2 protein chains.
Amino acid sequence: MQPVSGSPVERVKAEQPATRLDLGRILNARQQISRVFRETPQFDCPAIGNALGCEFVIKLETANPIRCFKGRGAEVVASRLARGSGPKAAVCASAGNFGQALAYSGRARGVGVTVVASASANAAKIERIRQLGAAVELVDGDIEHARERAREIAARGDALLVEDSECLDTCEGAGTIGLELLDGSDRIDTILLALGGGALATGVGHVFKTLSPKTDVVCVQPRGAPAMAMSWRARSIVTTERTDTIADGVAGRFPIPAVLGDLLAVADHVPLVEEESIVAAMRMLYRRAGLVVEPSAALGLAAVLEDPSRYRGKRVVTVICGSNVLFDSFRTWMQE
Amino acid sequence: MQPVSGSPVERVKAEQPATRLDLGRILNARQQISRVFRETPQFDCPAIGNALGCEFVIKLETANPIRCFKGRGAEVVASRLARGSGPKAAVCASAGNFGQALAYSGRARGVGVTVVASASANAAKIERIRQLGAAVELVDGDIEHARERAREIAARGDALLVEDSECLDTCEGAGTIGLELLDGSDRIDTILLALGGGALATGVGHVFKTLSPKTDVVCVQPRGAPAMAMSWRARSIVTTERTDTIADGVAGRFPIPAVLGDLLAVADHVPLVEEESIVAAMRMLYRRAGLVVEPSAALGLAAVLEDPSRYRGKRVVTVICGSNVLFDSFRTWMQE
């Protein structure tokens, strides 16, 4: 270990968890991110907290032009590509939200973007990617097939592959959410994070384990798409044959080894939640907080609903990470 | 007129419209307002803009603990009371949102708050005022009867009367929304503001007519509660016998003369909209933007729906001023 020197950031660096991420870079990432994705609302929601017996704090990442948190990481990626000497083109696979984000940030910086998605991906997300001017290629199969195809396109050499969650920019961009949460002086006992590929969980987790190590970092996955959670428990990669969840934003089957390593260093608890709990949490956010959210964004509250005693009396923050939901699906889920 | 001196604020002061408000005080008001109510999201919503043929920008004032913009003004009021030598107690009449705001801000600063409301006021709003620790007195009749009762309570001398919209703090606090909108470099062709008592319209209107005088300031009232709009057209106070609108937040009958004077100096256009347009606008915000809003917050979009040619090709901002809606009412309005 390097000797601890005097500057706060260097002192902090010595105390960072053993991930690929770096607090200094996360602090710098803030400069790359458009104001429209930063300094998002964070506020107490007593209508939910009182029902659960905890202080329930919402960090809202949906009030921006792409209705999800992925803009933070995409801005860092696109800034780097725009500054660099390589091709001004990027290709990514996406269930839809990261693709929207990269399309938005690339367009603003003259970086051409190709998004590969599953033909069964959320149609609202795919349509929006097209509107943002990106090229879209749909493939049979699921997100893992899209990832494979994106790698093939990148191998041709005229576009850089951006693997969401593997690419450090995507994790460190997401990590800026953690900086904002800890800017407030209130203690945070628990942070609830949706767990898919891992960018949100490792990014925000890294910041908390560095600056607020006592905070319980809870990363939540649907039982219908449990590959990363199972890998975390096994401490080595576990893949699954299929996924079966409404939470399309987090439904991967092949966890990325480097991201698992990061997650092992920052997550304290990785519960799996049932589909019914996700729907119940979406309903609660709609009725009590007036929020329309996509299923992935309800994972944190679903975890509280399934295990309330863990959170009772605590100050609990959940990141509402996206609201890109098909209206008809949402209407169906809200019906009793 | 005073000679125009060198400092930007003084220079600007000379160019302010003839209202009771002052840009310097609005700039200072920002310091009094908790971060939780400031620097709110402002973002393009192409899903609505594309449907209307304009650039549609949302300024979202609902992602805070009281789900409306009224915290801005209440923070300024409560700060003044907490600093002053008078009684640390305030009384106000409210349809619910300003009462919540004053209860929240008063609690944070040791100022006792009494809210007088109509017995027929939105039950969700009244319940929340109680949860925030304020005393609530319900009166028969409507908001005008509540205002009368609040004046009686204040006349006893142990609580200061805070008349929403008449009290300059409430207007100037709301005006900080305008400063944030104009902080961005993009031009704004039109600003759409809900018009009730007038705090939002005169506060934001004053800032725009000072710093961006070419922006069309459009203040929208329901045809079922048209007193202030009729007064603006007549250039003198017009009262009505009754109101009949779902937009409970803006349903007054007795405009305040001083506020009308301010409105005459800043408003360019004051349309009245039908109830069906308000519901159609709420549906559009829900379906296309994923926003649950109260009827008052849909007035701006309702005005665009009724008169699309006025806004076509323009960059139009609407302030989503509240989301305190009874869930059952909202569900009913969303059904076709």
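Here is a short back-and-forth about this predicted model of chains A and B.

Me: How do you know how far to trust chain A?
Reply: Look at pLDDT: the mean for chain A is 94, and 96% of its residues reach 70 or more. The model as a whole scores ipTM 0.93 and pTM 0.94.

Me: Which stretch of chain A has pLDDT under 50?
Reply: That's residues 1–5 of chain A, for which the model has six contacts beyond four places in sequence. Where pLDDT is low, the predicted coordinates should not be read in detail.

Me: What makes the relation between chain A and chain B that of a two-fold axis?
Reply: Chain A can be laid on chain B by a turn of 180°, with a shift of 0.0 Å along the axis and an RMSD of 0.0 Å. That turn and shift are the relation of a two-fold axis.

Me: How do you know that the copies meet through the same surface?
Reply: Compare the interface residues: 100% of those in chain A are also interface residues in chain B, so it's the same surface on both copies. In the contact, 18 residues of chain A meet 18 residues of chain B. On the chain A side, they split into nine nonpolar, five polar and four charged.

Me: Why is helix 8 of chain B called oblique to helix 9 of chain B?
Reply: Helix 8 (residues 168–183) and helix 9 (residues 199–211) of chain B pack at an angle of about 45°, with their axes 7 Å apart. Roughly parallel needs an angle under 35 degrees, and roughly perpendicular runs from 65 to 115. An angle of about 45° fits neither, so helix 8 of chain B is oblique to helix 9 of chain B. Their crossing is right-handed.

Me: Which residues make that contact, and what classes do they fall into?
Reply: Helix 8 of chain B brings, among others, B:Gly175, B:Ile177 and B:Leu182, while helix 9 of chain B brings residues including B:Val204, B:Phe208 and B:Leu211. By class, the contact of these two helices has 11 nonpolar, seven polar and one charged residues.

Me: And what makes helix 5 of chain B roughly parallel to helix 6 of chain B?
Reply: The axes of helix 5 (residues 97–109) and helix 6 (residues 123–131) of chain B cross at roughly 10° and come within 9 Å. The cut-off is under 35 degrees, so the pair counts as roughly parallel. Helix 5 of chain B passes helix 6 of chain B in a left-handed crossing. B:Asn97, B:Gly99, B:Gln100 and B:Ala103 of helix 5 meet B:Lys125, B:Arg128 and B:Ile129 of helix 6. That contact has two nonpolar, three polar and two charged residues.

Definitions and conventions: Residues numbered from 1 in each chain as written. Chains lettered and ligands numbered in written order. Predicted model: local features only at pLDDT ≥ 70, side-chain atom pairs only at ≥ 80, totals over all residues. pLDDT = per-residue confidence, 0-100. Contact = placed C-beta atoms within 7 Å. Nonpolar A, V, L, I, M, F, W, Y, C, P; charged D, E, K, R; others polar. Axes fitted to C-alpha atoms, helices over the stretch in contact; angles between N-to-C directions. Helix = DSSP H or I, 4+ residues; strand = E, 2+ residues; numbered from the N terminus. Parallel < 35°, antiparallel > 145°, perpendicular 65-115°, else oblique. Left-handed = near helix turned anticlockwise from the far one by under 90°. Least-squares fit on C-alpha atoms with pLDDT ≥ 70 in both.
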